[in-house]
Amino acid sequence: MWAMRPQRWKRINTTKAAPVRAAFVFGKGDRPVKQNQNRLQMLGAMVIFGTLGPFVRQIDLSSGALALLRALMAVGVIGAFLIARRKKLCRGAVLRKSLPLLLLSGAAMGINWILLFQAYRYTTIAVATLSYYFAPVLV
């Protein structure tokens, strides 16, 4: 059986009765995945998104204002992350080439959030969330 490594392919012996996990070999410098940390991050993301509906229902702002505030908060968090990591934004030709697509996808995401927040106001949170996730399947 072949196992993929970051820089090369390595042939390993899987003819003996061994667990499936034994087929994946970690070499020098490779670190096994921290499963507990990943599970906590996934749990945190689910809690944050799962509590979105009740908060939206209790805030007395329009859906458009909520979507704008959510986008501004995201800009702040991403900006702080880029500053902390000392990453630079792409500039020049790369930005000019991808800017129309970025603006279009940002507008689509904003409209998506506005419609989701409006759905939270008109129906139950469960129905709004299910229809939000079923949208790609129905299209």
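## A buried residue in helix 4

Phe117 is buried, since its relative accessible area is 2% and the limit for a buried residue is under 20%. The model in which Phe117 is described here is a predicted one. Phe117 belongs to helix 4, a helix that covers residues 93-122.

Leaving aside neighbours within four places in sequence, the contacts of Phe117 are Leu52, Val56, Ser63, Leu66, Ala67 and Arg70. One of these partners, Ala67, stands 50 residues from Phe117 along the chain, yet the C-alpha atoms of the two are separated by 8.0 Å.

## The largest nonpolar core

Phe117 is one of nine residues in the largest nonpolar core. The other members are Leu52, Val56, Leu66, Ala67, Trp113, Leu116, Tyr120 and Ala128. Helix 2, helix 3 and helix 4 are the elements that each give two or more residues to this core. The greatest contribution is that of helix 4, with four residues.

Trp113, also a member of the core, touches Ala67, Arg70 and Ala71 when residues up to four places away in sequence are not counted. Ala67 and Arg70 appear as well among the contacts of Phe117.

## The chain as a whole

The protein chain has 139 residues, and buried residues make up 12% of them. Its secondary structure comes to five helices and two strands. Read from the N terminus, the order of the elements is β-β-α-α-α-α-α, with the two strands placed ahead of the helices.

Contacts in the protein chain between residues at least 6 apart in sequence include 51% that join residues at least 24 apart. The accessible surface of the chain is about 12,100 Å², and carbon and sulfur atoms account for 68% of this area.

## A nonpolar patch on the surface

Phe55, Ile59, Leu61, Leu68, Leu69 and Leu72 make a nonpolar surface patch of about 560 Å². The largest share of this patch comes from helix 3, residues 63-85, which provides three residues.

Leu61, a member of the patch, is placed in the loop between helix 2 (52-58) and helix 3. Leu61 counts as partly exposed because its relative accessibility is 36%, a value between the 20% limit for buried residues and the 50% limit for exposed ones. With residues up to four places away in sequence not counted, Leu61 touches Leu66, Leu69 and Arg121. Of these partners, Leu69 is itself part of the patch, whereas Leu66 belongs to the largest nonpolar core.

## The aromatic pair

A search of the whole structure finds one aromatic pair. The pair is formed by Tyr132 and Tyr133, with an edge-to-face arrangement. The ring centres lie 5.6 Å apart, and the angle between the planes is 70 degrees; the pair is edge-to-face because that class applies to planes over 60 degrees apart.

Both tyrosines fall in the partly exposed class, as the relative accessibility of Tyr132 is 24% and the relative accessible area of Tyr133 is 49%. Tyr132 is therefore not classed as buried, a term kept for values under 20%, and Tyr133 is not classed as exposed, a term kept for values over 50%.

Methods
Residues are numbered from 1 along each chain as its sequence is written. This is a predicted model: local features need pLDDT of at least 70, side-chain atom pairs count only at pLDDT 80 or more; totals for chains, interfaces and linings use all residues. Side-chain values use heavy atoms; hydrogens and water are left out. Patches are made of residues with over 30% relative accessible area and no salt bridge: like charges are joined within 9 Å, nonpolar side chains (Val, Leu, Ile, Met, Phe, Trp, Tyr) within 5 Å. Accessible areas come from the Shrake-Rupley method with a 1.4 Å probe; for residues, only the protein chains shown count as cover. A salt bridge is a side-chain nitrogen of Lys or Arg within 4 Å of a carboxyl oxygen of Asp or Glu. Buried means under 20% relative accessible area, exposed over 50%, partly exposed in between (1.4 Å probe, protein chains only). A nonpolar core is a set of buried Ala, Val, Leu, Ile, Met, Phe, Trp, Tyr and Cys residues joined through side-chain atoms within 4.5 Å. Contact means heavy atoms within 4.5 Å. Rings of Phe, Tyr and Trp (its six-membered ring) pair if their centres lie within 6.5 Å; planes under 30 degrees apart count as stacked, over 60 as edge-to-face and the rest as tilted.
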